[in-house]
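Morning, everyone. I have one short item today, on how two chains meet. Please have a look at the screen.

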Amino acid sequence: MAHLALIELADDHLILGHRLSEWCGHAPMLEEDLALPNMALDLIGTARTLYDHAATLEDAGRSEDDLAFLRVEREYRNLLLVERPNGDFAQTMLRQLYFAAFMAPFWHAAQDSSDEVVRGVAGKASKEMAYHIRHAGEWVIRLGDGTEESAERMAEAVEELHRFTDELFESSPEAEATETAGVLPSRDRIRAAWDATIAEVFSQAALEVPEVYPQTGGRAGLHGECLGHLLAEMQYLQRAYPGATW
Amino acid sequence: MTETTPLWEVFIRPRNGLAHKHVGSLHAADEVLALQAARDVYTRRGEGSSIWVVPSSAITASDPAAAEELFDPTADKPYRHPTFYDIPDDVGHM
């Protein structure tokens, strides 16, 4: 069962990594055109290790590529937050902050996992996520407390994305089982650290945490329309040329 | 672009004990973002253990037109090079 919880986690990383990679060649400046794919590669690297480990635990002859490229929308278990379209730069940076502010303490706690591979991933990923918080956080602060237009766009990003953040703290039955077994940290316990990071950034960015009606469903395979479009592009090559390698 | 994101010069130290070396420049809004951009642009392949960023406007450069008077006078003073001194074997690699 542990493999299902690892696939959920891997899906979060792969989908957000793919979203960030969509900025490659389109970022507002060269510096960010490198920074965004850098972050994408951190996430995709983590996804690969998790898929590979999940495939080993599942022991059903599937590979990491099978898991990434040959599952359909409903089989994906990622959070709704990570599949949200890039929108403008404010939305991309806020989405990154929301995710990293959760994953940094999550991976930090996962360094005590009972699973050796998870411990390995956690050591590397907790540093990467600390940098993602730093980078995305500084942008959120500058845009939120910037010009009239940037402040407006940042506030719109909060309004658009905040409703997807509650799902970060929900554990599926599969995830709960791994939490009990000490493989993954309890998602619910990450909330205090996440709240503190967001409160600190928001206070400097002159943003307010809004009252929202939470949107969930990703862990049950109930996604927005946007995930289908993402998968169509991401999986095209393996669908059109099955088994292609390079 | 330079109005909101001025130019910064980037210096990277590859390892402890070595000097920071100029590697290039970049655009950033302030020193915090300049450091992050330097990390993302210039240390992607493990090049660095420390980064300096300096506003390009803070650098005073020599005038290329003055190159002759600045640098040519040293051309006939080879005795300033240490190659004329024999290094005792005991010193080893120096």
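I will start with the confidence scores, then take the contact between the chains, then one pair of helices.

This is a predicted model. Its scores are ipTM 0.85 and pTM 0.92. For chain B the average pLDDT is 92, and 98% of the residues score at least 70.

Now the contact. On one side there are 12 residues of chain B, and they are in contact with 8 residues of chain A. Which elements give two or more residues to the side of chain B that touches chain A? They are β2, residues 21-27, and α1 of chain B. The largest share of that side comes from α1(B), with 6 residues. Sorted by class, the side of chain B that touches chain A holds 7 nonpolar, 3 polar and 2 charged residues.

Next, the helix pair. Two packed helices are described by the angle between their axes and the distance between the axes. Here the pair is helix α2 of chain A, residues 30-58, and helix α1 of chain B, residues 31-42. They pack at an angle of about 70°, and their axes are 9 Å apart. Angles of 65 to 115 degrees count as roughly perpendicular, so α2(A) is roughly perpendicular to α1(B). The crossing of these two helices, α2(A) and α1(B), is left-handed.

Which residues meet there? From α2(A) we have A:Glu31, A:Leu34, A:Ala35 and A:Asn38; from α1(B), B:Ala37, B:Asp40 and B:Val41. By class, the residues of this contact are 4 nonpolar, 1 polar and 2 charged.

That is the item; questions are welcome.

How values were computed
Residues are numbered from 1 along each chain as its sequence is written. Chains are lettered from A and ligands numbered from 1 in the order in which they are written. This is a predicted model: local features need pLDDT of at least 70, side-chain atom pairs count only at pLDDT 80 or more; totals for chains, interfaces and linings use all residues. Axes are lines fitted to C-alpha atoms, for helices over the stretch in contact, and angles run from 0 to 180 degrees between N-to-C directions. Helices (H or I, at least four residues) and strands (E, at least two) are DSSP runs, numbered from the N terminus. Angles under 35 degrees count as roughly parallel, over 145 as roughly antiparallel, 65 to 115 as roughly perpendicular and the rest as oblique. A crossing is left-handed if the near helix is turned anticlockwise from the far one by less than a right angle, and right-handed if clockwise. Two residues are in contact if their C-beta atoms, placed from the backbone, lie within 7 Å. Ala, Val, Leu, Ile, Met, Phe, Trp, Tyr, Cys and Pro count as nonpolar, Asp, Glu, Lys and Arg as charged, and the others, Gly among them, as polar. pLDDT is the predictor's confidence in each residue, from 0 to 100.
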